[in-house]
Amino acid sequence: MASSLQVAVQMDPLEHINIHGDSTFALMLEAQKRGHALYVYEVNTLALGEGAAEPEQSSKTRVTALMRPVTVRREEGNHATFGAPMRQSLGDMDVVLMRQDPPFDMAYITATHMLDHVHGIGPGKALVVNDPRWVRDSPEKLLVTHFPDLMPPTLVTWDIEQIRAFRAKWHDIIVKPLFGNGGSGVFRIREDDQNLNALLEMHFARSREPLMIQRYEPAVTAGDKRIILVDGEPVGAINRVPSGEDHRSNMHVGGVAKQIGLSARDREICTAIGPFLKEHGLIFVGIDVIGQYLTEINVTSPTGLQELERFDGINGAGAIWNCIERKLHAA
């Protein structure tokens, strides 16, 4: 067993999670099993300033958060016991898990800039998982565009005429907000659907962000595969199947998780993107594959660990902690 680590988890309120599906909870249980000390904090308690925790060190720039020590257990309604909150320096931690949910907006991006100040290994530093710079530089729906040979036909634009031309070419399309998550705001627009103009008007009246448009892949009816990669290597997959009442397969909107293995094409995709993920400190990544195509590379707060363990007995959380401990030991 590795020596005990001080682990801070940046997440949405722990009190409100689903303990049977939340991947952050799985990571916390595994860390605790290994003897690591756990602390939780919410992103809106981060502070970047001089000597915010220790006035005598006011000459040093510090990143602190209002943390609570916590013990977790798989017990419905009693899954966490908290200690007293106190403002602590993230640089006093060994590991920071950045696990709050998107949206990937300026608040999210600002948090990554703050975590840049502490990311590293050594005195006054903490290994941030995933690397905040590369989380910031790798939005899920844009990172995938660096691997065009693996993608379905895709367009990212503000230009309404380009979107209309894309539908005219491919007939059946998916329209996605570029920085959304969990399937929110994702529409399927068929060739004869008269709602495209209204949808575009509504989006651009509310947002300055472009849209992602992709060809609809009929293979999604058989499932949208989530493949978990750890340090660039695939450890397993789950299949998310639409409910039949919705074209989306995301579990947030009623998709059902089912067991599935990795195909030769899946491994080919992982081999193509794995070196990039490893090189840039993207330790825990979930990619989405529909049929033969890679559609997203999720680096912010991937899910699927608990389903993977239930279906296949694969301890993805253990693989992630093995990787973290190995990196700390090597340094």
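**Close-up 1. Cys-270 is a buried cysteine in this predicted model.** Its relative accessible area is 3%, and buried here means under 20%, so Cys-270 falls within that class. The closest cysteine sulfur to that of Cys-270 belongs to Cys-323, at 15 Å. A disulfide needs two sulfur atoms within 2.5 Å, so this pair is too far apart for a bond.

**Close-up 2. Cys-323 is buried as well, with a relative accessibility of 0%.** Seen from this side of the pair, the nearest cysteine sulfur is that of Cys-270, 15 Å away, and Cys-323 takes part in no disulfide. Widen the view to the whole structure, and the search for disulfides comes back with zero.

**Close-up 3. The second largest pocket has a volume of about 350 Å³.** Its lining is made up of 17 residues. If you would like to find the middle of the pocket, look for Pro-177, His-203, Arg-206, Ser-207 and Glu-209, the lining residues that lie nearest its centre.

**Close-up 4. Strand 10 and helix 6 both contribute to the lining of the second largest pocket.** Strand 10 spans 173-177 and helix 6 spans 196-206, and each supplies at least two lining residues. Helix 6 gives the largest share, with four residues.

**Close-up 5. The lining of the second largest pocket mixes nonpolar, polar and charged residues.** Sorted by class, nine of the residues are nonpolar, five are polar and three are charged.

Notes. Residues are numbered from 1 along each chain as its sequence is written. This is a predicted model: local features need pLDDT of at least 70, side-chain atom pairs count only at pLDDT 80 or more; totals for chains, interfaces and linings use all residues. Side-chain values use heavy atoms; hydrogens and water are left out. Buried means under 20% relative accessible area, exposed over 50%, partly exposed in between (1.4 Å probe, protein chains only). On a 1 Å grid over the protein atoms alone, a cavity is a set of points where a 1.4 Å probe fits but cannot get out, and a pocket is an open set with protein on both sides within 12 Å along at least five of seven lines; lining residues have an atom within 4 Å of a point. Grid points are joined across faces, edges and corners, and a volume is the space filled by probe spheres set on the points. Ala, Val, Leu, Ile, Met, Phe, Trp, Tyr, Cys and Pro count as nonpolar, Asp, Glu, Lys and Arg as charged, and the others, Gly among them, as polar.
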